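Hi,

Here is the structure I promised to pass on. Have a look at it first, and my notes on what turned up follow below.

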Amino acid sequence: MTNPTPAQVQRQGATAYTVHEPRNGQAPQRTFLLGHALGCDHTMWDALTQHLAAENRVVCCDQFGHGASQDPQLVPTGPYTMAQLADEAAALIDALQLGPVVWIGLSMGGMVGQELALRHPDKVSALVLANTTTHYPFEARQGWDTRIATIREQGLQAIVDMAMTRWFHDAFRAAQPEVVAHWRAKVLGCNTAGYIACCEAIRDVDTLDRLHRIQVPALVIAGELDLGTPPAMARAIAGQISGAQLVVLPEASHLSVLEQPQAFIQTVDTWLQGLEAGTA
Ligand SMILES: O=C(O)CC1=CCC(=O)O1
């Protein structure tokens, strides 16, 4: 696993975040704000952060109930909504005076990014939406209800192995058990109520009818083996945002940035170069 230059965890209200200033010592070319998946934390982005922070400012935040955003005095009680999580991200952008950011979000982070761009269009200059969806069909929403009920009754331990099979495909789990163990421990390290509250926001995500309003450049990334947010969901997003690019990563399932970090980084880089050249 790639570790970025250490950055101190800081806090804005209930939200913990890290800031990486450009390593080249120059003014940042762009400012990126990175939103992680359910059950993870900002370190999910270590490889991408390390790469982008060569020339850019990179801010990573921990979602309520995750990582270092677990102070019971500060973190709101659930259920959460995607609008609420997006407003929290907007408040962070304002508090840190980040200006319009390139939001990169995976799964839950991609859902927050959609709402952020819809509710606060002045705060987003471009979007990367990875392994995410605009909504869930009825059966999948029932699946989230079942997951929530199971956690309420038996704790996160009861769902963590299922989560690993959704996050990482069979060959990856066999080849890199230490990575799987690391992220399994992250799930168990979440605040149970916060995890459930985020599940409720995810279950109710609903942006499809509004997505056409997004005007900024967008890159949509899918994993060809992702069962939770399959490529069809990515196609639906890309079909609604004018000019969006869609890339389906081979041999990747849900946590594509962890399974295929180099391919993920290369995809983002190529798209950013296209933005600069005016071709994306
Ligand atoms: O945990 C999962 O099953 C996959 C997932 C859906 C939204 C998210 O952030 O992770």
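Let's start with S107, which is found in the loop between β5 (101-106) and α3 (108-119). Helices here are DSSP runs of H or I with at least four residues, strands are runs of E with at least two, and both are numbered from the N terminus.

Before going further, some housekeeping: this is a predicted model, where local features need pLDDT of at least 70 and side-chain atom pairs count only at pLDDT 80 or more, while totals for chains, interfaces and linings use all residues. Residues are numbered from 1 along each chain as its sequence is written, and side-chain values use heavy atoms, with hydrogens and water left out.

Back to S107. Its phi is near 60°, a positive value in a residue other than glycine. S107 counts as buried because its relative accessibility is 6% (buried means under 20% relative accessible area, exposed over 50%, and partly exposed in between, with a 1.4 Å probe and protein chains only).

S107 also touches the ligand: one of its polar side-chain atoms lies 2.6 Å from a ligand oxygen atom. Two other residues do something of the kind, with a polar side-chain atom of H254 at 3.3 Å from an oxygen atom of the ligand and one of W167 at 3.4 Å from an oxygen atom of the ligand. (A polar contact is a pair of N or O atoms within 3.5 Å; within protein, one must be able to donate a hydrogen and the other to accept it, and residues adjacent in sequence count only if both atoms are side-chain atoms.) On its own the ligand has 290 Å² of accessible area, and the protein covers 99% of that (Shrake-Rupley method with a 1.4 Å probe; for residues, only the protein chains shown count as cover).

What else surrounds the ligand? The full set is A37, L38, S107, M108, Y136, W144, R147, R166, W167, I202 and H254, where a residue is near a molecule or strand if one of its heavy atoms lies within 4 Å of it. By class, that shell has seven nonpolar, two polar and two charged residues (Ala, Val, Leu, Ile, Met, Phe, Trp, Tyr, Cys and Pro count as nonpolar, Asp, Glu, Lys and Arg as charged, and the others, Gly among them, as polar).

A second loop residue with a positive phi is E251, where the angle is near 50° and the residue is again not glycine. E251 is in the loop between β8 (245-249) and α10 (256-259), and it counts as exposed because its relative accessibility is 51%. In strand β8 itself you'll find V248, which is partly exposed, given its relative accessible area of 35%. The C-alpha atoms of V248 and A130 are separated by 9.7 Å, although the two are 118 residues apart along the chain.

Two prolines to look at as well. The peptide bond from G78 to P79 is cis, with omega near -5°, and P79 lies in the loop between β4 (57-61) and α2 (82-95). P217 is in the loop between α8 (192-203) and β7 (218-223) and is partly exposed, with a relative accessible area of 26%.

Last one: D46 is in helix α1 (residues 46-52). Buried or exposed? D46 counts as buried, because its relative accessibility is 10%.

Cheers
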